[in-house]
Amino acid sequence: MVKKNLENVELLVDINNTPNFPPSQTTDATILTKEALEFIVLLHRTFNERRKTLLNNRVAFQNKLETGKIQLDFLPETVSIRNDPTWLGPSLAPGLINRSCEITGPPLRNMLINALNSDVNTYMTDFEDSISPTWTNLIGGQINLYDVLRNQIDFTSIKGKSYKLNKKVQDSPTIIVRPRGWHMTENHLLVDNEPISASIFDFGLYFFHNAEKSVQLGKGPYFYLPKMEHHLEAKLWNDIFNVAQDYIGMSRGTIRATVLIETLPASFQMEEIIWQLRQHSSGLNCGRWDYIFSTIKKFKNDPNHILPDRDQVTMTSPFMDAYVKRLINTCHRRNVHAMGGMAAQIPIKNDPVKNDAAMNKVKTDKIRELTNGHDGSWIAHPALAQICNDVFINMGTPNQIHFVPSEGTKVTAQDLTNTNIINAKVSIEGIKQNLDIGLQYMEAWLRGSGCVPINSLMEDAATAEVSRCQLYQWVTHSVMTSDGIKVTPQLTSKLLKEQVDKLKQVSPVGNQNKFDLAAKYLLPEITGEKFSDFLTTLLYDEIVTPKQRPFDLSKL
């Protein structure tokens, strides 16, 4: 029976016969073994009810926030955790002591090699915001990680370009894997008549195959945890880590996880999140774009919290500055890393003047992070590594956890929700920019690409979320632009159609583009008709294959 089951799983995709996917001696059958599937089914059955309860709690919290029954504030029931100065995170793990430059990207084979060949300390390999979760991408990503940890990642592309690690993986940057968030499911696999948790699927397959190998290499297994809104969601991860380590006979505390503080509620529970992860904590990260997205989402119906054009919402905006200072102070008091945010710029090869301006902007941002007290920062392109390294070498030590800036202690709930930005404005150009980014990203995502260069920036789901949320907010509150034009559903609909027509004319895939489909999903979001929790869950059914036959693991 099991053999028959596994044969059916393999029919969902044959990686080595997929066009444009580099061949590997490793196959999907290597990843989808009976033992690995039994492991993820066990984790799902043990923890999925708690996952669903926590997601329901998010909905209840949002309803109470919007009806004025509660306000965002620090939790009174956890004050003892915040006030106890004696507890600390664990000692720093091998390969995670110096994290001054972290590069991020999806687990595509060529991007893995390019990232690991870069002059960086760590590589956050992303199954979340920078990947379109097609079955091919997910299983292919697991194959690529399996191969790279065994030094068998090299390949030659269809066009004859050779990709090769310039040193063994044990001497390369430390790999940190980001699974999808708690809100997502993996609809290709059913357990007891419901889709398996995408978080458990991504984490479980990687951990089962690579945890012991990572330890042998001296670096891992390590993870980045996204999109959490409550410290009990971190506790859920901690319990999964314990069960997973026990299952394979690994010492508890071997896993380390960095949490992205990228939701507004989580910024009020930073201390509690570190405490819940206990010996598995490796710090917090400022997920800036998702944090802006979350702030808009939480206050989407509140006219007192309307954010201006996205270019004006910088890290020096009051609520962003407060969030950064509190994060650094919290992490360093608890002896864990405080990681900076993403530099999404990519080189502008045909315009030296614009390229210099973009690179100077990156440098200024990294200097701000260093000065504030961050221990390192993110980049999206290998060419930015030198800029980041040149800035953070000024720490003089592998990190600056010893530096506890006092400003973070003074951050109040009012500071974290202060969205007033001096000279803020909404413009027609800002509307068009949001439509352009939202459409281009959604269209590429629907075609299977989740890491998209747009206007010399490497965009992912977070920036697309900011774009569509701002449009919803502006329409809902009939905002007046700096030109004196009211933002209405009619205006956004008209501009959307114009942008679709424009983008279709220059599409690199011609008539195979999916701009009409992207616009169909985007239209209700930008006219105030509806507000979806996440774009990725809104669009997900469009990329599930085969749509009519998910595979049932219930008999495992």
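The legends below describe close-up views of a predicted model.

**View 1. Domain 1 and domain 2 of the protein chain.**
The domain assignment divides the protein chain into domain 1 (9-415) and domain 2 (428-542). Taken over C-alpha atoms, the centres of domain 1 and domain 2 are separated by 25 Å. Contact between the two domains involves 41 residues of domain 1 and 38 residues of domain 2.

**View 2. The second largest pocket, with lining residues from domain 1 and domain 2.**
The second largest pocket holds about 710 Å³ of space. Its lining is made up of 28 residues. Arg288, Trp289, Gln345, Lys361 and Leu457 are the lining residues that lie nearest the centre of the pocket. Helix H10 (288-298), strand S11 (338-343), helix H12 (352-372), helix H15 (428-446) and strand S14 are the elements that give two or more residues to this lining. Helix H12 gives the most, with 7 residues. By residue class, the lining of the second largest pocket contains 13 nonpolar, 8 polar and 7 charged residues. Each of domain 1 (9-415) and domain 2 (428-542) supplies at least three residues to the lining.

**View 3. The annotated positions Arg178 and Asp460.**
An unreviewed UniProt entry places the feature "active site" at Arg178 and Asp460. These positions span 283 residues in sequence, but their C-alpha atoms are no more than 13.9 Å apart, so they gather at one spot. Both Arg178 and Asp460 are included in the lining of the largest cavity.

**View 4. Surroundings of Arg178 in strand S5.**
Arg178 belongs to strand S5 (residues 174-178). Its relative accessibility is 4%, so Arg178 counts as buried. Apart from residues up to four places away in sequence, Arg178 touches Met124, Thr125, Asp126, Phe127, Glu128 and Asp129, among others. Tyr224, Pro226, Leu260, Glu262 and Trp378 are also among the residues that Arg178 touches.

**View 5. Surroundings of Asp460 in the loop before helix H16.**
Asp460 is placed in the loop between strand S14 (457-459) and helix H16 (461-476). With a relative accessibility of 18%, Asp460 counts as buried because the limit for that class is under 20%. Beyond its neighbours within four places in sequence, Asp460 is in contact with Asp129, Ser130, Tyr441 and Gly450. Asp129 is also among the residues touched by Arg178.

**View 6. Gln269 in the loop between strand S9 and helix H9.**
The loop that holds Gln269 lies between strand S9 (256-261) and helix H9 (270-277). Gln269 has 5% relative accessibility and therefore counts as buried. Leaving out residues up to four places away in sequence, Gln269 touches Leu75, Glu229, His230 and His231.

**View 7. Phe201 in helix H7.**
Phe201 is a residue of helix H7. At 0% relative accessibility, Phe201 counts as buried. Setting aside neighbours within four places in sequence, Phe201 is in contact with Ile40, Trp135, Leu138, Ile139, Gln142, Arg180, Glu186, Leu189 and Ile196. From Phe201 to Lys520 the separation is 319 residues in sequence and 30 Å in space, C-alpha to C-alpha.

**View 8. The cis peptide bond between Gly220 and Pro221.**
Most peptide bonds are trans. The bond that joins Gly220 and Pro221 is cis, with an omega of about 5°. Pro221 is located in the loop between helix H7 (198-217) and strand S8 (222-225).

**View 9. Positive phi values at Asn151 and Asp192.**
Most residues other than glycine have a negative phi. Asn151 is not a glycine, yet it has a positive phi of about 55°. The loop that contains Asn151 runs between helix H6 (135-148) and strand S3 (155-156). Its relative accessible area is 33%, so Asn151 is partly exposed. Asp192, a residue other than glycine, has a positive phi near 55°. Asp192 is found in the loop between strand S6 (185-191) and strand S7 (194-197). At 41% relative accessibility, Asp192 counts as partly exposed.

Notes
Residues numbered from 1 in each chain as written. Predicted model: local features only at pLDDT ≥ 70, side-chain atom pairs only at ≥ 80, totals over all residues. Heavy atoms only, no water. Helix = DSSP H or I, 4+ residues; strand = E, 2+ residues; numbered from the N terminus. Buried < 20%, exposed > 50% of the residue type's maximum accessible area, 1.4 Å probe, protein only. Contact = heavy atoms within 4.5 Å. UniProt positions renumbered as here; feature names shortened; annotations may be inferred. 1 Å grid on protein atoms, 1.4 Å probe; cavity = no way out; pocket = protein on both sides within 12 Å on 5 of 7 lines; lining within 4 Å. Points joined across faces, edges and corners; volume = space filled by probe spheres on them. Nonpolar A, V, L, I, M, F, W, Y, C, P; charged D, E, K, R; others polar. Domains from an automatic or database assignment.
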